[in-house]
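I opened a new notebook page for this structure. My plan was to look things up one at a time and write down what I found.

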Amino acid sequence: METGLSILIGLFFTVSVYLMLSKELVRMLLGIAILGNAVNLLIFTAGRLTREVPPLIPEELYTPAVQTANPLPQALVLTAIVISFSFLAFLLVLAFRAYQELGTDDANEMRVAEPADEQAPPQGY
Amino acid sequence: MAGSSVSVDISQAMAVAPVSAGDWLIVAPSILTLLGGSLCLMTRKNTQAQPKIGLIFMVLLVAANIGLLARVLDKGVITMVMGNWLPPFGIAFTADALGVTLSTIASIVALCAALYGSATIDNTGRRYGFYPFLLLLMTGVSGAFLTADIFNLYVWFEVLLISSYGLLVLGNDRPQLDGSVKYGILNLIGTNLFLIATGLLYGMFGTLNMADLATKVAALENGASGTLATIAALYLLAFAMKAAAFPVNFWLPASYHTPNIAVSAVFAGLLTKVGVYALIRVFVLLLPGSRAYMADLIALVAMATMMSGAMGALAQGEVRRILGYLVIAGIGSMLGGVAVGSTLAISGAIFYAVHSIIVMTALYMAAGVMMLMGGSYRLRELGGLYQASPAFAAVFLVLGFAVSGLPPFSGFWPKVMLVDAALGDGRYWLAGVILLSGFLTTLAIGRIWIFAFWRGGPEGTADGTSTVRISPIGQLGSAALWLPIGILTALVVYFGLQPEWMLQVVSRGASGVVEPLGYVRSVFGGL
């Protein structure tokens, strides 16, 4: 089970790195979205997988009688999902605004902040 | 369970003793700024009240941090656990000399920026949330400096990152959107790398508490160094992106000159140093074996960072971009300290971080004043500022000497410590590059000073004449501009002339992470 998921996570990372290497903003953002999901799956798998055991504690005991799924990675993933979702939403709006103002979604052509023809500093006093 | 709970001994899992009043100070920096940020957010349409609320909470933040620093210096490392769950189950906040020192200096700088921002941020900027974002940024920064849980550190990183996005796009200019795209995407990838490494670390050790991790890694150090080195390499890349180390530093000069100058000042002071702090925390406290294993690599990265920063500064003709590259050069010096890794070297790196937080913020603030006086950030269009205000020219020269590492200012002592530590470790190249980057920084600063201050006017002015068309100091007159620069310059001079106190504090901070026993004891209560 862990092995299968590990291969899937590897595929996710491959796809996301490939997309992030693109110079077009939309592909980059898709890559980031997939990267976020790959990380979430990775944390989930790192916590080891346990199948379908209800986390119930019998009346006379203080701890579960059999091993149940590890709840901590699920809490971590929940946190990370919320964060990556909100960041992706922000970046989508930012990319759209940048497209509106700069007229391009090609990272190579975004040279407003760092103009290509910038003057060199004065060379002599 | 409710019926039988009387017989349960909860002291196995939970702290039963009430937290002493003074220990509440550990969470005070995060809570105060969160509260202040929410208040500012609710009143954001009231542009007159915004700076007042912001300043009040910044003063409270500085007071809380100073109180916490005094307590830590008096009693040693202190810990508080959330929800009373004992570590390693509950999230712990641990204040040690390293975290609290940086947190205190950061809060002083943020107070100065809040004051400076009241003069440079217009009503639109206030309405769109400069003060809420600044306060929430400080929530993230304080939390990152004080937490003792590595996943929690990630969360604080994200808190400060989303606030910094808000500050960066405040104003919506074209260059800002361009810079924000690069800053936003690369920093998000950096935090995702941090999260990957944390997930793998959790999979390996089953714990996220830093003290617990430090103990478990030390016990395992020889067993699985290969896997650990992979995780350490991921951490190195993630924090290098955050700290703007070569070769993943190009987002910094692409973005730091685009927002309002008050925002640039805060960013230059705080954000990269949080990355350096995380690097020290993770590599020296958690993974000392991997740090030693990768020391040569870190030293190479440090040297490349210093040289790319210093030479980038020489190649720029715009004051804010020169300063952006100088931030990078400083990061290289701190990484050099991490590469050497002795107590002296880490002390030097922490002292350098303190110095760099203060001096880079002050330099950006001074650049804002240069813009107000001379009407431009470009060296070709500046000139005659010395005649307009000799006092301001002197202040800029003090800050410039400090950032170059010249005595008697605050940049000198950390450089001495770092060079000494590098020589002691046999890393002569590293020591040489630290000195060389200081020399190149002096050239870059000297160039700003000659062109913007010393000559009579902008390019085209004949030698010996002057075309001062500059608003004299009196007309700029707002104390909100001068006071922050004055406070920070005073700190620079004070740490330069009287370094003993800061030297003691940083060496306590460094020995606290190099020898983590005190840290572990504080979290686990003397185990």
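**Entry 1: chain A and its record.** I noted at the start that this is a predicted model. I then checked UniProt for chain A. The unreviewed entry lists residues 6–21, 28–46 and 75–96 of chain A under "transmembrane region". I looked up two of these spans in the model. Residues 6–21 of chain A are 94% helix and 0% strand. The end C-alpha atoms of that span lie 23 Å apart. Residues 75–96 of chain A are 100% helix and 0% strand. Here the end C-alpha atoms are 32 Å apart.

**Entry 2: where the chains touch.** I asked how many residues each chain brings to the contact. Chain A brings 33 residues and chain B brings 37. On the side of chain B that touches chain A, the elements giving two or more residues are α6 (150–169), α7 (174–205), α10 (251–255) and α19 (428–454) of chain B. I wanted to know which element gives the most to that side. It is α7(B), with 18 residues. I also sorted this side of chain B by class: 20 nonpolar, 10 polar and seven charged residues.

**Entry 3: the core.** Next I turned to the largest nonpolar core, which has 240 residues. Leu134(B), Ala366(B), Leu399(B) and Val492(B) touch the most other members. Helix α15 (residues 343–374) of chain B gives the most to this core, with 22 residues. I followed up Leu134(B). Leaving out residues up to four places away in sequence, Leu134(B) touches Gly54(B), Ala110(B), Ala113(B), Ala114(B), Leu167(B) and Val266(B).

**Entry 4: a helix pair.** I stayed with α15(B) and looked at its packing against helix α14 (residues 319–340) of chain B. Their axes come within 9 Å and cross at roughly 175 degrees. Angles over 145 degrees count as roughly antiparallel, so α14(B) and α15(B) are roughly antiparallel to each other. I listed some of the residues that meet. From α14(B) they include Leu323(B), Val327(B) and Gly330(B). From α15(B) they include Tyr352(B), Met360(B) and Leu363(B). The residues of this contact divide into 16 nonpolar, five polar and one charged.

**Entry 5: one leucine.** Last, I picked Leu35(B), which is found in helix α1 (residues 28–42) of chain B. Is Leu35(B) buried or exposed? It is partly exposed, because 14 other C-beta atoms lie within 10 Å. I also checked Leu35(B) against Leu136(B). They are 101 residues apart in sequence, and 9.0 Å apart in space, C-alpha to C-alpha.

Methods:
Residues are numbered from 1 along each chain as its sequence is written. Chains are lettered from A and ligands numbered from 1 in the order in which they are written. This is a predicted model: local features need pLDDT of at least 70, side-chain atom pairs count only at pLDDT 80 or more; totals for chains, interfaces and linings use all residues. UniProt positions are given in the numbering used here, feature names are shortened, and annotations may be inferred rather than shown by experiment. Helices (H or I, at least four residues) and strands (E, at least two) are DSSP runs, numbered from the N terminus. Two residues are in contact if their C-beta atoms, placed from the backbone, lie within 7 Å. Ala, Val, Leu, Ile, Met, Phe, Trp, Tyr, Cys and Pro count as nonpolar, Asp, Glu, Lys and Arg as charged, and the others, Gly among them, as polar. A nonpolar core is a set of buried Ala, Val, Leu, Ile, Met, Phe, Trp, Tyr and Cys residues joined through C-beta atoms within 7 Å. A residue is buried if 20 or more other C-beta atoms lie within 10 Å of its own, exposed if 12 or fewer, and partly exposed in between; C-beta atoms are placed from the backbone. Axes are lines fitted to C-alpha atoms, for helices over the stretch in contact, and angles run from 0 to 180 degrees between N-to-C directions. Angles under 35 degrees count as roughly parallel, over 145 as roughly antiparallel, 65 to 115 as roughly perpendicular and the rest as oblique.
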